[in-house]
Amino acid sequence: MVAKRTLRPRWRLPYLYDLLRELVSREMKLMYKRSALGVAWTLINPLLQLAVFAFVFQLVIPVNIPQYSSYVFTGLLVWNWFQTALFQATGAIVGSRPLIRQPGFPVAVLPVVIVTTGLVHFILALPVLIGFLLIDGVQFKPVVLWLPFLQILQFALTVSFAYFLAALNVTFRDTQHTLGVLLQLFFYLTPIFYDIKNIPPKYWYVYGLNPMVHIVMSYRQILMWGVPPDFLALGIIAGITAILLPVGYWMFKRQSAHFVEEV
């Protein structure tokens, strides 16, 4: 599908953009090949999770969170993008032997393809989320314009982790299995279905280290509550991402010389 090319730097970016677009399209087609419901699966999973949480935390163990359905659905969509992209990106190299064996193929694009596919799913689910918010009586305010910034920040943060984990998984195949356990743990350590006010202050210095806590809450602040996000927390995450992304990319490129031998 992708032939070896020798390109001048000024043609490199358009080539990578076309390659990324083609690979994301291929990923979407493969994902829903012979699927009757197709892209609707993007919503089925979070909606089923939402139904369970709504039943448990509104009927069995009532929690006092206004607009609970929108609260949970917002958190689930944000978290599912992060979790699914990170998990699939970790296995991106091992699962793409034919591609990485092609001379000149830019292997570094593979984790980006996975995270971009997750972003496409997130964007496709946004109209349904907006419908939930409108039904719940939410009135959008100008702070909603921060939404693209949050998406870019989450995208960059996820790619940073994806580079590191994808390279690590080539050498240590337990990485993907370990990550599955860790992501399940961090799901409960992120305020998806409970009120963040229930976290005791004495644990905040540890709890607040999870960047997804601040990203999930920021989405709710601009979409549901119409207030500005915590710019200090987001600025710290952006600063850490600005360091992690080049470091992760450097480690990935350094390891990529051995990918063909390892897989």
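Let me start with Phe252, whose contacts, once residues up to four places away in sequence are set aside, are Ile93, Val107, Ala108, Pro111, Tyr163, Ala166, Ala167 and Phe259. Before I go on, please keep in mind that what you see above is a predicted model, and that everything I describe today was computed from it.

Phe252 belongs to the largest nonpolar core, which has 80 residues, and it is listed there with Ile93, Phe193 and Tyr219 as the residues having the most contacts inside that core. If you ask which helix gives the most to this core, it is H3, running from residue 68 to residue 90, with 13 residues. As a general background remark, nonpolar side chains in soluble globular proteins tend to be buried together.

Let me now turn to helix H10, which spans residues 231-256 and is where Thr241 has its place. Is Thr241 buried or exposed? Its relative accessible area is 4%, and because the cut-off for buried is under 20%, Thr241 counts as buried. The side chain of Thr241 has a polar atom 2.7 Å from the backbone oxygen of Ile237. As for what surrounds Thr241, leaving out the neighbours within four places in sequence, the residues in contact with it are Leu153, Ala156, Leu157, Ser160 and Pro246.

Further along in my list for H10 comes Tyr249, which also lies in that helix, and which at 37% relative accessibility is classed as partly exposed. Tyr249 and Tyr163 are separated by 86 residues in sequence, while their C-alpha atoms are 5.9 Å apart in space. Apart from residues up to four places away in sequence, Tyr249 touches Ala108 and Tyr163, and you will remember that Ala108 and Tyr163 were also among the contacts of Phe252.

There is also a surface side to H10. A nonpolar patch of about 470 Å² is formed on the surface by Phe164, Ile243, Val247, Trp250 and Met251, and H10 is the element that gives the most to this patch, with 4 residues. Met251, which is found in H10, has a relative accessibility of 30% and counts as partly exposed.

From there I would like to move to helix H6, covering residues 147-171, in which Thr158 is found. Thr158 has 0% relative accessibility and therefore counts as buried, the cut-off being under 20%. Its contacts, not counting residues up to four places away in sequence, are Phe82, Ala85, Leu86 and Val115.

Ala85 comes up again when we look at Gly118, since the two are 33 residues apart in sequence and 5.7 Å apart in space, C-alpha to C-alpha. Gly118 lies in helix H5, which takes in residues 109-135, and with a relative accessible area of 13% this glycine is buried.

What about charged side chains? The structure holds 1 salt bridge, and the partners are Arg21 and Asp18, whose side chains meet at 3.6 Å, N to O. Both residues lie in helix H1, 3 residues apart, which is about one turn of the helix. In general terms, side chains of opposite charge can pair when their charged atoms come close. The two partners fall into separate accessibility classes: Arg21 counts as exposed at 52%, whereas Asp18, at 38%, is partly exposed.

Helix H1, residues 9-31, is also the place of Leu16, a residue that is partly exposed at 25% relative accessibility. Leu16 and Thr117 are 101 residues apart in sequence, and the distance between them in space is 15 Å, C-alpha to C-alpha.

Finally, a word on one backbone detail. Where does Gln67 lie? It sits in the loop between helix H2, residues 41-60, and H3. The phi angle of Gln67 is near 50°, a positive value in a residue other than glycine, and at 26% relative accessibility Gln67 counts as partly exposed.

To close, I would bring you back to the residues we began with: Phe252 is listed among those with the most contacts inside the core of 80 residues, while in H10 we saw the buried Thr241 and the partly exposed Tyr249 and Met251. Thank you, and I am happy to go back to any of these residues in the structure above.

Conventions:
Residues are numbered from 1 along each chain as its sequence is written. This is a predicted model: local features need pLDDT of at least 70, side-chain atom pairs count only at pLDDT 80 or more; totals for chains, interfaces and linings use all residues. Side-chain values use heavy atoms; hydrogens and water are left out. A nonpolar core is a set of buried Ala, Val, Leu, Ile, Met, Phe, Trp, Tyr and Cys residues joined through side-chain atoms within 4.5 Å. Buried means under 20% relative accessible area, exposed over 50%, partly exposed in between (1.4 Å probe, protein chains only). Helices (H or I, at least four residues) and strands (E, at least two) are DSSP runs, numbered from the N terminus. Contact means heavy atoms within 4.5 Å. A polar contact is a pair of N or O atoms within 3.5 Å; within protein, one must be able to donate a hydrogen and the other to accept it, and residues adjacent in sequence count only if both atoms are side-chain atoms. Patches are made of residues with over 30% relative accessible area and no salt bridge: like charges are joined within 9 Å, nonpolar side chains (Val, Leu, Ile, Met, Phe, Trp, Tyr) within 5 Å. Accessible areas come from the Shrake-Rupley method with a 1.4 Å probe; for residues, only the protein chains shown count as cover. A salt bridge is a side-chain nitrogen of Lys or Arg within 4 Å of a carboxyl oxygen of Asp or Glu.
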